[in-house]
Amino acid sequence: MPVTKPTLPADLTSLAELLNQIGGVDVSNIYAGVGILTSAEITELFSSKTDLNTKLTSNYEEIGELSEKPFKVESKSEKLKTRHYQLEGKRTNTVSVTIVGISEAKKNWLEEQSAKMTQLTMVAVSKEKDQAVLLNGLRWTVDWSGEADGLYTQVITTEFTGKTKDKISFFNNIPESIGG
């Protein structure tokens with residue numbers, strides 16, 4: 001039988017490709033909300049800067065600023081070993097975000113959410129709110145360090161298996177208004 005080219009699903013995005021796209025988004029602040037967004041809610045949230053501002057103000061809390069290189073993404077595959085073969089096992093994706101300038105109250109809130117294993121949706125946006133990265137409905141672990149000025153630096157990390165679709169998304173050139 002001859003070899004044929006495979007047909008990949010249309011929504012397939014490799015984690016490396018996603019990281020390159022995220023690296024091109026100039027984000028500065030990160031917001032957190034409790035819960036998970038549906039595909040329709042994601043579309044509505046990023047339909048315009050006006051909608052984004054309204055939703056961020058009413059449904060999210062600004063946590064802090066992002067560090068200079070805020071995102072670290074890693075994807076590893078486990079191997080299933082049989083007597084004669086080694087098979088591809090589950091793939092685990094790890095995402096870390098470094099946030100700087102966090103107050104003690106926000107640091108404590110994030111730690112509490114981490115301890116309760118709450119699903120949080122994080123939205124990182126640029127100053128102009130024309131670019132954004134969505135980290136949707138993930139459970140985070142929190143590590144922090146303090147400074148003499150009373151502000152903290154936190155590294156929040158999440159790990160999940162499976163597709164990144166609707167979990168990690170980036171948005172570029174968000175219009176001023178719908179139809180704009």
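This section describes the nonpolar cores, strand β4 and two buried polar residues of a predicted model.

The largest nonpolar core has 23 residues. Those with the most contacts inside this core are Ile 30, Val 97, Ile 99, Met 122, Leu 135, Trp 140 and Ile 156. Six strands give two or more residues each to the core: β1 (29-34), β2 (61-81), β3 (86-102), β4 (119-125), β5 (131-139) and β7 (152-161). A second, separate core has 14 residues, including Leu 37, Ile 42, Phe 46 and Ile 174.

Trp 140 belongs to the larger core. Leaving aside residues up to four places away in sequence, Trp 140 touches Val 95, Val 97, Ser 114, Leu 120, Met 122, Leu 135, Ile 156, Thr 157 and Thr 158. Among these partners, Val 97, Met 122, Leu 135 and Ile 156 are also listed with the most contacts inside the core.

Strand β4 is mostly covered, with six of its seven residues buried. It pairs with β1 through six bridges, and the two strands run antiparallel. Six bridges also join β4 to β5, again antiparallel. Leu 120 of β4 stands opposite Val 34. Leu 120 also stands opposite Leu 138 in β5. β4 and β5 form a hairpin with five residues between them. In that turn, Lys 129 has a positive phi of about 60°.

Thr 118 lies in the loop between α4 (104-115) and β4. Thr 118 counts as buried because its relative accessibility is 15%, under the 20% cut-off. Beyond residues up to four places away in sequence, Thr 118 touches Val 34, Gln 113, Leu 138 and Arg 139. Two of these partners, Val 34 and Leu 138, are residues that stand opposite Leu 120.

Lys 49 is found in helix α3 (residues 49-59). With a relative accessible area of 15%, under the 20% cut-off, Lys 49 is therefore buried. Its contacts, not counting residues up to four places away in sequence, are Glu 128, Lys 129, Asp 130, Ile 174, Pro 175 and Glu 176. One of these, Lys 129, is in the turn of the β4–β5 hairpin. Another, Ile 174, is included in the second core. The side chains of Lys 49 and Glu 176 are joined by a polar contact of 3.3 Å. The C-alpha atoms of Lys 49 and Ile 178 are separated by 8.6 Å, although these residues are 129 residues apart along the chain.

Technical notes. Residues numbered from 1 in each chain as written. Predicted model: local features only at pLDDT ≥ 70, side-chain atom pairs only at ≥ 80, totals over all residues. Heavy atoms only, no water. Core = buried A, V, L, I, M, F, W, Y, C linked by side-chain atoms within 4.5 Å. Buried < 20%, exposed > 50% of the residue type's maximum accessible area, 1.4 Å probe, protein only. Helix = DSSP H or I, 4+ residues; strand = E, 2+ residues; numbered from the N terminus. Contact = heavy atoms within 4.5 Å. Polar contact = N/O pair within 3.5 Å; in protein donor to acceptor, adjacent residues only side chain to side chain. Pairing = 2+ DSSP bridges.
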